[in-house]
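Please read this briefing alongside the sequence and the coordinates. The points are grouped by topic so that each can be checked against the model.

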Amino acid sequence: MFAAFGVLTGLTTVLFGFGGGFVIVPVVYALAVASGGSGEATLVAVATSTAVMIVNSLSASFAHWRSGRLRTDMLHPLAAYIGLGALIGA
């Protein structure tokens, strides 16, 4: 079952550009509710999706940096604005 949802997540990510929030959040929510944790099911589902996004983005960024394709000259000016947006969003 988990492999099938993993493949579905990958397919929707490739086809539409989103998969974690579209597939994983409802699946984790349903599993959390089914196991009796309905009070925190939404938090668990969203936190799981966020953790997956963080790991994947760090992995992709490291791969681009290692291959020399990461434009650090364009990244550094944006870092302050990204940090400010994250601080306001949090």
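The notes below begin with confidence and then turn to the surface, the helices, the side-chain contacts and the loop.

This is a predicted model, and the protein averages a pLDDT of 84, with 99% of the residues scoring at least 70. A nonpolar surface patch of about 780 Å² is present, the structure holds one salt bridge, and the count of aromatic pairs comes to one.

**Confidence by element**

- Among the elements of the protein, the lowest mean pLDDT, 82, belongs to α1, whereas helix α4, which covers residues 72-89, has the highest, at 87.

**The nonpolar patch and helix α1**

- The nonpolar surface patch of about 780 Å² is made by Val 7, Leu 11, Val 14, Leu 15, Phe 16, Phe 18 and Phe 22, and its largest share, five residues, comes from helix α1, which spans residues 2-16.
- Phe 16, one of the residues that make the patch, lies in helix α1 and has a relative accessible area of 54%, so it counts as exposed, the cut-off for that class being over 50%.
- Thr 9 is also found in helix α1, but this residue has a relative accessibility of 13% and therefore counts as buried, a class that requires a value under 20%.
- The side chain of Thr 9 reaches back along the chain to the backbone oxygen of Phe 5, at a distance of 2.8 Å.

**Helix α2 and its approach to Leu 8**

- Val 23 lies in helix α2, which runs over residues 20-34, and with a relative accessibility of 7% this residue counts as buried.
- Although Val 23 and Leu 8 are 15 residues apart along the chain, their C-alpha atoms are separated by 7.4 Å.

**The aromatic pair in helix α3**

- Phe 62 and Trp 65 both lie in helix α3, where they are three residues apart, or about one turn of the helix.
- The aromatic pair count is one, and that pair is formed by Phe 62 and Trp 65, whose rings are tilted, with 5.7 Å from centre to centre and 35 degrees between the planes.
- The tilted label follows because the angle of 35 degrees falls between the class for stacked rings, under 30 degrees, and the class for edge-to-face rings, over 60.
- The two partners fall into separate accessibility classes, because Phe 62 has a relative accessible area of 44% and is partly exposed, while Trp 65, at 53%, counts as exposed.

**The end of helix α3 and the loop to α4**

- Arg 66 is found in helix α3, which covers residues 41-67, and is exposed, with a relative accessible area of 60%.
- The C-alpha atoms of Arg 66 and Leu 87 are separated by 28 Å, the two residues being 21 residues apart along the chain.
- Arg 69 has its place in the loop between α3 and α4 and is likewise exposed, with a relative accessible area of 57%.
- A polar contact of 2.9 Å joins the side chain of Arg 69 to that of Ser 67.
- From C-alpha to C-alpha, Arg 69 and Gly 10 are 24 Å apart in space, with their positions 59 residues apart in sequence.

**The salt bridge**

- The one salt bridge of the structure is formed by Arg 71 with Asp 73, and the closest N and O atoms of this pair are 3.1 Å apart.

Key: Residues numbered from 1 in each chain as written. Predicted model: local features only at pLDDT ≥ 70, side-chain atom pairs only at ≥ 80, totals over all residues. Heavy atoms only, no water. Patch = residues over 30% accessible without salt bridge, like charges linked within 9 Å, V, L, I, M, F, W, Y side chains within 5 Å. Areas by Shrake-Rupley, 256 points an atom, 1.4 Å probe, with all protein chains shown as cover. Salt bridge = Lys/Arg side-chain N within 4 Å of Asp/Glu carboxyl O. Helix = DSSP H or I, 4+ residues; strand = E, 2+ residues; numbered from the N terminus. Buried < 20%, exposed > 50% of the residue type's maximum accessible area, 1.4 Å probe, protein only. Polar contact = N/O pair within 3.5 Å; in protein donor to acceptor, adjacent residues only side chain to side chain. pLDDT = per-residue confidence, 0-100. Phe/Tyr/Trp six-rings, centres within 6.5 Å; stacked < 30°, edge-to-face > 60°.
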